[in-house]
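Please look over the sequence and the structure shown below before reading on. The report that follows goes through the chains, a pair of strands and a few single residues.

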2 protein chains.
Amino acid sequence: MARSSEVCRSNCPINFVLETFGDKWTLLIVRDLMFKGKRTYGEFLESDERISTNILADRLKRLEEHEIVEKTVAPDNRSKLIYSLTPKGKDLLPVMLEITAWSAKHDATTNTPNSFLDMFAAAKDKMMSAILSELE
Amino acid sequence: MARSSEVCRSNCPINFVLETFGDKWTLLIVRDLMFKGKRTYGEFLESDERISTNILADRLKRLEEHEIVEKTVAPDNRSKLIYSLTPKGKDLLPVMLEITAWSAKHDATTNTPNSFLDMFAAAKDKMMSAILSELE
């Protein structure tokens, strides 16, 4: 954890996440790695949101410092870097799923596959039923 | 929805959330309303993260435009404004819970009550069990 150089203003868990991500670009990189199969600097640059090169470089560095992303040299091309999520980064999946579900409910223009939403809704229904049956 | 004045750069659901929140201060206000019982401008200013008055005013305005927060006049003092989460704002609870769980797992300095984590872990275990039993 490369926290020593930063001022962490409170011990609140939500603030911790927000100090880690800092801004929206950081989380969009996580999204590209998690759901869009992107792995290289050039692929991140191609995203619809048009991240700039200096922001991308800064946010990748920050994600590496926080051990959310790691980079390796491509086996077939030693001048090419491959980025991937660490286990800590992969643990962000539930956060990303809840963000997706909230957007799908509240933004008519959000483009979320129905198959994904159906799967997610079914899993949540099961959880609710299980909890309610315990309470009966 | 006050989206007309904004450039929404993609229809990705995760980008929608990030366009809505924009930066960490916005989500910290949601946290204060959801978990800390804060309801007034003065109470938000007192948070450990030390939000500045101009940022607070801007972010409250943005949250109102997105219909995540609403304000009313205090019944006992007509010069006092009370802020609260709308139903759309309350729907952010699962996102906030997953953020909290992630921080508790990955940040040793995060201050999350054990009772809360136990409750949350139990609910997730039930969901996993229910899903796995369906697959057997």
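A residue is called buried if 20 or more other C-beta atoms lie within 10 Å of its own, exposed if 12 or fewer do, and partly exposed in between. The model described here is a predicted one. With that scale in hand, A:Glu67 is partly exposed, because 14 other C-beta atoms lie within 10 Å of its own. A:Glu67 sits in the loop of chain A that lies between helix H4 (53-65) and strand E1 (69-74), and its phi is near 55 degrees, which is a positive value in a residue other than glycine. Most residues other than glycine have a negative phi.

In chain B, a positive phi also appears at B:Arg50, a residue other than glycine, where the value is near 60 degrees. B:Arg50 belongs to the loop between helix H3 (41-45) and helix H4 (53-65) of chain B, and it counts as exposed because it has 9 C-beta neighbours inside 10 Å. By contrast, B:Leu27, which lies in helix H2 (residues 24-35) of chain B, counts as buried because it has 24 C-beta neighbours inside 10 Å. From B:Leu27 to B:Asp76 there are 49 residues along the sequence, and the distance in space from C-alpha to C-alpha is 29 Å.

The table sets out the neighbour counts of these residues.

| Residue | C-beta neighbours within 10 Å | Class |
|---|---|---|
| A:Glu67 | 14 C-beta atoms | partly exposed |
| B:Arg50 | 9 C-beta atoms | exposed |
| B:Leu27 | 24 C-beta atoms | buried |

Turning to the strands of chain B, strand E1 (residues 69-74) and strand E2 (residues 77-85) run antiparallel and are joined by 6 bridges. Within this pairing, B:Val73 stands opposite B:Leu81 of E2(B), and the link from E1(B) to E2(B) is a hairpin that passes through 2 residues.

For chain A as a whole, the elements comprise 7 helices and 2 strands, and, read from the N terminus on, they follow the order α-α-α-α-β-β-α-α-α. Chain A has 136 residues, of which 32% count as buried. When the contacts in chain A between residues at least 6 apart in sequence are considered, 40% of them join residues that are at least 24 apart.

Terms used
Residues numbered from 1 in each chain as written. Chains lettered and ligands numbered in written order. Predicted model: local features only at pLDDT ≥ 70, side-chain atom pairs only at ≥ 80, totals over all residues. Helix = DSSP H or I, 4+ residues; strand = E, 2+ residues; numbered from the N terminus. Pairing = 2+ DSSP bridges. Contact = placed C-beta atoms within 7 Å.
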